[in-house]
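Reader: I am in my first year and would like a close look at a single part of this model. Please take me through that part slowly, and then show me what else is worth a look.

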Amino acid sequence: MKYNYHTHTSRCLHAKGADEEYVLAAIEAGFDEIGFADHTPWKFDTDFVSNMRMPENQLKDYCDSVKALREMYKGKISIKLGLECEYFSKYLPWLKSIIEEHEIDYIILGHHYSDDECNGIYNGFLNTPEGIYKYRDDVVEAMETGLFSYVAHPDLFMRGYYGFDEHCKKVSEDIINTAIKTGIPLEYNLLGIKHG
């Protein structure tokens, strides 16, 4: 089966092209299924505006667009509606309401920030053992909720770290063992290769 469930749209500010172009490219490549999982527009407690996720006022348009494409290309490709989310425990009730309201098919754990994005450090810039253990704790706790379909780029914590040491090995083993225990897949994501 050929599939991709980690597809963003231009709404997240770091992808480009029309939604339909992704579907047409997937069909041309012989994919059986494509899942859109744009970055969740978290409803933060502050007026913070993210530079890496769709604004909240675009969520309905995003969902409507993916659902319309699903109908338009029915019989040619299966299309799923998803979101890529961090594990922000204080915002989980809001997230669950969004999943229900918009009939989201799945969410993936893309844990870019351990605290909320307004105050936290990007997990790709972690450079201390304490930082990567915090990442591990959050990812493990998130997997154990059963809310996430899989973990996106589980190696993100190593992007800014100085080298693969015993701490990275321990964090990796704990994430892998939790994935095995919970039955939650870990994504193959080639972005880490780009960053060495």
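Author: D138 is buried, because its relative accessible area is 6%, and buried here means under 20%. The model is a predicted one. D138 sits in helix α4, which covers residues 129–145. Leaving aside residues up to four places away in sequence, D138 touches Y87, H111 and S114.

Next, helix α3. Its buried residues are L92, W94, L95, I98 and I99. Looking down the axis of α3, one finds these residues within an arc of 155°, so they line one face of the helix. A general point about helices helps here. An α-helix has 3.6 residues a turn, so residues three or four places apart point the same way. The buried residues of α3 pack against α2, β3 and β4, the last of these being residues 106–109. On the face of α3 turned away from the buried side are the exposed residues P93, E100 and E101. After α3 comes E103, which has a positive phi, near 55°.

One of the buried residues of α3, W94, also belongs to an aromatic cluster. The members of this cluster are W42, F44, F48, F88, Y91 and W94. In the model, 15 aromatic pairs are counted. F44 and Y91 make up one such pair, in an edge-to-face arrangement, with 5.8 Å centre to centre and 75° between the planes. This pair links distant parts of the chain, since F44 and Y91 are 47 residues apart. F44 lies in the loop between β2 (33–39) and α2 (59–72), while Y91 lies in the loop between β3 (78–85) and α3 (92–101). Both F44 and Y91 are buried.

Helix α2 has a further neighbour, α1. Helix α1, residues 19–28, packs with α2 at an angle of about 40°, and the two axes are 10 Å apart. The crossing of α1 past α2 is right-handed. At the contact, D19, E20 and V23 in α1 meet S65, L69 and M72 in α2. Sorted by class, this contact of α1 with α2 has 3 nonpolar, 1 polar and 2 charged residues.

To return to the starting point, D138 is a buried residue of helix α4, with Y87, H111 and S114 among the residues in contact with it.

Terms used. Residues are numbered from 1 along each chain as its sequence is written. This is a predicted model: local features need pLDDT of at least 70, side-chain atom pairs count only at pLDDT 80 or more; totals for chains, interfaces and linings use all residues. Side-chain values use heavy atoms; hydrogens and water are left out. Helices (H or I, at least four residues) and strands (E, at least two) are DSSP runs, numbered from the N terminus. Buried means under 20% relative accessible area, exposed over 50%, partly exposed in between (1.4 Å probe, protein chains only). Contact means heavy atoms within 4.5 Å. Rings of Phe, Tyr and Trp (its six-membered ring) pair if their centres lie within 6.5 Å; planes under 30 degrees apart count as stacked, over 60 as edge-to-face and the rest as tilted. The arc is that of the directions from the helix axis to the C-beta atoms. Axes are lines fitted to C-alpha atoms, for helices over the stretch in contact, and angles run from 0 to 180 degrees between N-to-C directions. A crossing is left-handed if the near helix is turned anticlockwise from the far one by less than a right angle, and right-handed if clockwise. Ala, Val, Leu, Ile, Met, Phe, Trp, Tyr, Cys and Pro count as nonpolar, Asp, Glu, Lys and Arg as charged, and the others, Gly among them, as polar.
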